[in-house]
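Dear colleague,

I am handing over the structure we spoke of, and my notes on it follow below. Please read them with the coordinates open beside you.

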Amino acid sequence: MEFPKENCANKAENHEAVGTTDVIVVGAGVAGAALAYALGKDGRRVRVIERDLNEPNRVAGDVLMPGGYLKLTELGLEDCVDEIDAQRMLGYVLYKDGKEAPITFPLEKFESRIAGRTFHNGRFVRRLRNKAASLHNVSLEQGTVTSLLEENGTVKGVHYMDKSGRVLTAYAPLTVVCDGCFSNLRRSLCNPRVDVPSYFVGFALTNCKLPLEHYGAAILTDPSPILIYRISSSEIRCMVDIPCRNLPSVSIGEMTHYLKTLVAPKVFPELYTAFISAIENKDNIRVMPNRIMAAAPHPIPGALLIGDALNMRHALTGGGMTVALSDVVLLRDLLRPLHDLSDASAKVFSASSDPVMHAMQQTCFGYARLGGVFANGLSAMISGLCPRPFSLAFHILAMAIYGVGRLLLPFPSPKRLRSAAELLWVGSIKCSFALYMVRRSETNVLPSNCARILQNSPLEIKTGMSEKKLHGLISSISE
């Protein structure tokens, strides 16, 4: 399949050159700033180009799962969650139809400091950027990358416009694009297909408390599931998942009316007053699309795509930063991209009018309430502490069996048999196929293919390992 390359340029005509570094990193969000620091610590010269170096003001990207915190520690960046009023997170509690199912992260085998963290995304990113910029061999500059510089099928650098409007060209044997889900370079390096099943509407509540501190709350209700968690000592983030076709307008007050009449009655009584107060001012309400983008790369020598620019799962999973930091660790260690596992269960708890999805919600809720190995397994995957695909496959199958049994008992009527068949198709066969496709896509970036991806990229490592030795090492790993 051919992919469009409108963001690739073949020549550096009329562009001022700014020199050569070992690596160009496009984007200084969580993935870009962490990667710049990791590669800089390895002695490489890194140029980071970020569109806006002001502190981000986002309504998402404020949950770091325990698995992500472990990766942050592995990168030597754990102090970036200090001094930003970050809050410890120990798990979630699911609420549905007056019942609850707690999901506690399995942290018993880890040091006491290991836990999830919630915070203001902008504060966290600022700390990461400062850490990267503290290295003498990392340059962080504001500019907008307009295209990749491609010569003879190999990316040699980027064209960008700095904040003063000058059009510049930067050269490097390796360019890593990690400028988020709205990347204008993604179309050049990956299948651009994006699925937007719903939107998250977010705002902050003040002067209130959660039912269980250090635990997030997921209220599974119609028409919009609600996610609530603390992001500072004085603020609680509220995220409401709304289907695309039903998205009300914020500017003319439809969103406030929707939240007040359909969502507010479903929140906890102790949060109701703060909820109403927060949505009365429409300027407090932020809307973001829940974009699902599977990793379908179009490998070009000299360029890699990581983080949300490559692969994105539904924001309800809270796994975005964990995946991004895992990308960074693998790229640092093996000099190759990580194509992330798509979250086969991402749509289960999202807003939907599909009755099969409602059955899946009920199944997952009941499965979590079973406790023991079932709840612990789900918790380990959600928290990023168990990233094994076959563990995911086991729990998908187990949930399908549990859901079919729940529907057929006590008497398997024709309607129940049909519902069970639909649930088995959606919950097991389709999810398993998605898992198979994920495993299949991983073959694009196994070690045996890395030499091809990095072909014609004469990247010298600080230890003195040449390109030839690097490719030999990668080939030996694959064997």
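The first item is a hairpin: strand β7 (residues 91-96) and strand β8 (residues 99-104) run antiparallel and are joined by 6 bridges, one of which pairs lysine 96 with lysine 99 in β8. Between these two strands lie 2 residues, and aspartate 97 in this hairpin takes a positive phi near 55°. Please keep in mind throughout that this is a predicted model, and that every value here is computed from it.

For the overall picture, the protein has 13 helices and 19 strands, and 54% of its 479 residues are buried. Among the contacts with a separation of 6 or more, 73% are between residues 24 or more positions apart. The protein exposes about 21200 Å², of which carbon and sulfur atoms supply 54%.

Two further hairpins share strand β11 (residues 154-162), in which 7 of the 9 residues are buried, so that this strand is largely enclosed by the rest of the structure. On one side, strand β10 (residues 138-151) is joined to β11 by 8 bridges in an antiparallel arrangement, with glycine 143 having aspartate 162 of β11 as its bridge partner. The hairpin of β10 and β11 has 2 residues between the strands, and asparagine 152 takes a positive phi near 55° there. Strand β12 (residues 167-171) also runs antiparallel to β11, through 5 bridges, and valine 167 in β12 is the bridge partner of methionine 161. In the hairpin that β11 and β12 form, 4 residues lie between the strands, and glycine 165 in the turn has a positive phi of about 95°.

There is also an open sheet of 3 strands, in the order β5-β9-β6 and with antiparallel pairing; its edge strands are β5 (63-64) and β6 (87-89), each of which pairs on one side only. Two strands of this sheet, β5 and β9 (residues 116-118), are joined by 2 bridges, and valine 63 has threonine 118 in β9 as its bridge partner.

Turning to the nonpolar interior, the largest core holds 61 residues, and those that touch the most other members are Leu35, Leu72, Leu75, Leu77, Phe124, Leu128 and Val176. Helix α1 (residues 30-41) gives the most to this core, with 9 residues. A second, separate core of 30 residues includes Tyr215, Ile219, Cys238 and Ile285. If neighbours within four places in sequence are left aside, leucine 72 is in contact with Leu64, Leu77, Glu78, Val81, Phe124, Leu128 and Leu325.

A search of the whole structure finds 3 aromatic pairs. In one of them, the rings of phenylalanine 203 and phenylalanine 275 have their centres 5.2 Å apart and their planes at 80°, so the pair is edge-to-face. Phenylalanine 203 belongs to strand β14 (residues 195-206) and phenylalanine 275 to helix α6 (residues 269-280), so the pair ties together parts that are 72 residues apart in sequence. Both phenylalanine 203 and phenylalanine 275 are buried.

Finally, is asparagine 290, a residue of strand β18 (residues 286-292), buried or exposed? Asparagine 290 counts as buried, because its relative accessibility is 0%, and its side chain makes a polar contact of 3.0 Å with the side chain of aspartate 241.

With best regards

Definitions and conventions
Residues numbered from 1 in each chain as written. Predicted model: local features only at pLDDT ≥ 70, side-chain atom pairs only at ≥ 80, totals over all residues. Heavy atoms only, no water. Pairing = 2+ DSSP bridges. Core = buried A, V, L, I, M, F, W, Y, C linked by side-chain atoms within 4.5 Å. Buried < 20%, exposed > 50% of the residue type's maximum accessible area, 1.4 Å probe, protein only. Contact = heavy atoms within 4.5 Å. Areas by Shrake-Rupley, 256 points an atom, 1.4 Å probe, with all protein chains shown as cover. Polar contact = N/O pair within 3.5 Å; in protein donor to acceptor, adjacent residues only side chain to side chain. Phe/Tyr/Trp six-rings, centres within 6.5 Å; stacked < 30°, edge-to-face > 60°.
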